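Visitor: I would like to learn how to read a protein model. Could you walk me through one?

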Amino acid sequence: MTEVRLSGAVMAHPRRREAAEELARLDPAGALRVVLDPEPDGPPTALRTARLAWSSVPGDATHFLVLQDDVELAAGFFEHARKAAEQLPDDAIAFYANWNSRNGAAVRMAAAAGAAWATAVNEYAPCVAIMLPAAAARGYAAYSDAHSEGWPCDVLMFRYLKAIGVPIRIAVPNTVQHSGLPSVAGNDAHGLRRSSCFSAVAPSFAGGAIAEPEVIPFHKHVTSECAVRAGGYWEYLGTERLLRRSGISPQECRTEFERGEDLSEGAWQTWLTAFAMGLSSVDSLGGDALDLALASIGPGGLCDQHTASEIEAITASHHEVAINAFAAGRARAALPRRPAARSGLQVAITGPGGTLTDHLAGLLSEFGHEIVDGENPSASTRLVHLGDENDPGDVFCAIVDTGAREHVLRFATPIGPHTPEDSLVARWIRLAWTRKALPVDPDRVHQFTDVRDLASAIDAVLTGGPVSPVYDIATATLTGNELAKIVCAAVRAVPTEQVTEPSETPLLKLGLAAAELGWTATIPADEAVRTFGKWLAYDTDWDR
């Protein structure tokens, strides 16, 4: 076993220098030094200090640990960190994951399985407390310089580690807690940022299993969602959709939930998350780490909606909700599932192919359609042809053959996972992520279609007895100022600059689909933009 020589840094704003130095002194080996923001009066970002911290790896170090200045360490943290480096010498190791993050949810699933480590999913890297092999640590500064567009340092770290093939493992339980001090990097809008599973005492050993679950339920923005492994990528869907896909009615879960005392929407989303955890954790070993993990589901999902005192007031009740829901999910896992309702239609999708086609096929299958190969369709197969070389501007067309005739669906700009990355909405999202101003023409009207609404509109034509040859579809119709407000709220608050930017894309005339098919958009505009923003940040390849 290679001898571990751990070095590190505490990155801090100068006004927190004293606290950072006290934190560094906690290491019995004295291997940490304080690195201060070189431009403390500059725009609020951790990237400047992070770059300096990762540039200070000593030549004889085998591993390098970086802590942010606003953390609390579990008793025995440094001994545990050194043992972790011995156990997983080639991996990045995070000791904290936020309670409303996908990675925090991965920690919860690992706790349910009795594992010692969770493998991180596609998201920003948990950089509040992270240790890298020294060779990897030395390369981060150069990578951040080469990608200096303004992305947050934790997103850059995720991309960097992905590019060099270094997996991120997260300690279960977490051995670092976020202190809750005001953010100097402009993150206070995210609410109270605490660990998904913090233990005040670090494990006495670092060995154990590494969890890589197939389903990871998480609670964020008062919404329960699941990350699901889907071939070579992660798919993200609302938990109620996952339950229906699994042959379980959300109403069945609702009946049991309503036996409890807290029937708020936040408690329901906590219940769904914990129920899905139990459903996907048949081999759960339980224990203290799982209890800590269940206790953080509700507060994490509501942290950007409530003050710290309000979060404290609801923690106990949501903990009870989560315990009961997890047990209900485990019990339900052993019972027969209802067969999914079938439409009786075979549907073939033709067109450009690729991940958008695959994603759309999955969405249409949830409506009960059997997706078949479009190469040699039978006479009864319904065809959905995507795209048209004559599509005007940002309008995306689908030709739907219902068997009796063809109908054209004209969609406003598609957004969401696997949709084109060069649309105006995508450009604005990237500008917001990188802290740049949005060029807003207040007189211009924007329309877009969430890919989930795109699928439901196709389903409506397949099953709803369409009459008209053409239907126009959009999730939202917004002025420039309205779209900018949503992007700033869903991604990051940035300034706007007024421009004149006329559009050649025709404004779609909506309403016919509602009148003839009973179809209306169901995805809120802010949810559509937020989902697209996360996918653009975490699930796309920048270096293509």
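**Cysteines and the overall fold**

Guide: Happily! Let us begin with C127: its relative accessibility is 10%, so this residue counts as buried. Keep in mind that we are looking at a predicted model.

Visitor: What is a disulfide, and how many does the structure hold?

Guide: In general, a disulfide is a covalent bond that links the sulfur atoms of two cysteines. In this structure, there are zero disulfides.

Visitor: Why is C127 not bonded to C153?

Guide: Look at the distance between the sulfurs. The closest cysteine sulfur to that of C127 is in C153, 5.5 Å away, which is too far for a bond. For a disulfide, the two sulfur atoms have to be within 2.5 Å.

Visitor: And where is C226, buried or exposed?

Guide: C226 counts as buried, because its relative accessibility is 0%. Its closest cysteine sulfur belongs to C253, and at 11 Å that is too far for a bond.

Visitor: Now the whole chain. How many helices and strands does it have?

Guide: You can find 18 helices and 24 strands. The radius of gyration is 25 Å, close to the 24 Å from the globule rule for 544 residues, so the chain is as compact as a globular protein of that length.

Visitor: What share of the residues is buried?

Guide: Of the 544 residues, 55% count as buried. As for the surface, the chain exposes about 22,700 Å², and carbon and sulfur atoms supply 51% of that area.

Visitor: How many charged side chains are there, positive and negative?

Guide: The chain has 45 positive and 68 negative side chains, and the centres of these two sets lie 2 Å apart.

Methods: Residues numbered from 1 in each chain as written. Predicted model: local features only at pLDDT ≥ 70, side-chain atom pairs only at ≥ 80, totals over all residues. Heavy atoms only, no water. Helix = DSSP H or I, 4+ residues; strand = E, 2+ residues; numbered from the N terminus. Rg over C-alpha atoms; globule rule 2.2 N^0.38 Å. Buried < 20%, exposed > 50% of the residue type's maximum accessible area, 1.4 Å probe, protein only. Areas by Shrake-Rupley, 256 points an atom, 1.4 Å probe, with all protein chains shown as cover. Lys, Arg positive; Asp, Glu negative; His and termini not counted. Charge placed at Lys NZ, Arg CZ, Asp CG, Glu CD.
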